[in-house]
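Hi everyone, and thanks for making the time. I'd like to take you on a short walk through a structure that may be new to you, so please have it open while I talk.

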Amino acid sequence: MIAAHAAITSTASETYWTMNPVNRLPAGTLNAAARRLEISLAGIYGTGLSTGITIRVKLCTVSGCASGTVTHLGVTTAVTPLAALADRAWNARIVANVFTTGTSGSVDAQGIAWFFTSPTTAIPVELANAVAVVPVNTTVDQYVSVSAQPTLSHTDTTITLRNFGVKVY
């Protein structure tokens, strides 16, 4: 895990940004049917030629998803620009609706990410879970965890999370 403002670089491993305590949803926050969770992310990235980047958004009962229960809210496919890039913007937004509550609650999450290749051109990528509804315990603390994973370890491949927002209503 690295600080939210630090770059993930030169690795092909999934790496989480540390966002304590702002990523914590206290026990019961999601424990109401029709509750809505909105997560907004933004930062900059750069890639070496033929290197892609995958973004993952999860709810975890332990910050950083090192242990405990992990709920996958969304994952992008690997975005691979056709040319090497530096200091380009990326943005992502995912929303989740609580369907059922309790220790065997459920949410449905869908979203989109944009990886800009120029000031006016972006690659849109679905940020979705593999199944329509995912199980989540809505009665315990949950931590919104965000990770990035380059497809190759390359010195020119970096991604930084500069803005992180969570809204529950």
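I'll go through the core, then the aromatic rings, then the disulfide, and end with a few single residues. One thing to keep in mind from the start: this is a predicted model.

Let's begin with the core. In soluble globular proteins, nonpolar side chains tend to be buried together. In this model, the largest nonpolar core is made up of 34 residues. If you want to find its best-connected members, look for Leu-73, Trp-90, Phe-115 and Ile-159, which have the most contacts inside the core. Several strands give two or more residues to it, among them β5 (36-47), β6 (53-60), β9 (105-118) and β13 (158-168). Which strand gives the largest share of this core? That is β8, with six residues.

Now please click on Trp-90, because at 0% relative accessibility it counts as buried. Setting aside its neighbours within four places in sequence, Trp-90 is in contact with a long list of residues, including Trp-17, Leu-41, Ile-44, Tyr-45, Ile-55, Trp-114, Phe-115 and Ile-159.

That brings us to the aromatic rings. How many aromatic pairs does a search of the whole structure find? The search finds three. One of them joins Trp-17 and Trp-90; this pair is stacked, with 6.3 Å from centre to centre and 15° between the planes. Trp-17 sits in strand β3 (residues 15-18) and Trp-90 in strand β8, so this pair ties together parts that are 73 residues apart in sequence. Is Trp-17 buried or exposed? Its relative accessibility is 2%, so Trp-17 counts as buried.

Trp-90 has another partner, too. Trp-90 and Phe-115 also form a stacked pair, 6.2 Å centre to centre and with 15° between the planes. Here the link runs between strand β8, which holds Trp-90, and strand β9, which holds Phe-115, two positions 25 residues apart. Both Trp-90 and Phe-115 are buried. Taken together, Trp-17, Tyr-45, Trp-90 and Phe-115 make up one aromatic cluster.

Next, the disulfide. As a quick reminder, a disulfide is a covalent bond between the sulfur atoms of two cysteines. This structure has one, and its partners are Cys-60 and Cys-65, with their sulfur atoms 1.6 Å apart. The link between Cys-60 and Cys-65 is right-handed, with 45° about the S-S bond. Both of these cysteines are buried.

Stay with Cys-65 for a moment. Where does Cys-65 lie? You'll find Cys-65 in the loop between β6 and β7 (70-75). With a relative accessibility of 13%, under the 20% cut-off, Cys-65 counts as buried. Its backbone deserves a look as well. Most residues other than glycine have a negative phi, and most peptide bonds are trans. The phi of Cys-65, however, is positive, near 60°.

Asp-87 is another residue with a positive phi, about 50°, although it is not a glycine. Asp-87 is part of strand β8, and with 60% relative accessibility it counts as exposed.

Last stop: Thr-47, in strand β5. Thr-47 is buried, with a relative accessible area of just 1%. Leaving out residues up to four places away in sequence, Thr-47 touches Ile-53, Pro-81, Ala-83, Ala-84, Leu-85, Asp-156 and Thr-157.

That's the tour. Thanks for listening, everyone!

Key
Residues are numbered from 1 along each chain as its sequence is written. This is a predicted model: local features need pLDDT of at least 70, side-chain atom pairs count only at pLDDT 80 or more; totals for chains, interfaces and linings use all residues. Side-chain values use heavy atoms; hydrogens and water are left out. A nonpolar core is a set of buried Ala, Val, Leu, Ile, Met, Phe, Trp, Tyr and Cys residues joined through side-chain atoms within 4.5 Å. Buried means under 20% relative accessible area, exposed over 50%, partly exposed in between (1.4 Å probe, protein chains only). Helices (H or I, at least four residues) and strands (E, at least two) are DSSP runs, numbered from the N terminus. Contact means heavy atoms within 4.5 Å. A disulfide is a pair of cysteine sulfur atoms within 2.5 Å. Rings of Phe, Tyr and Trp (its six-membered ring) pair if their centres lie within 6.5 Å; planes under 30 degrees apart count as stacked, over 60 as edge-to-face and the rest as tilted.
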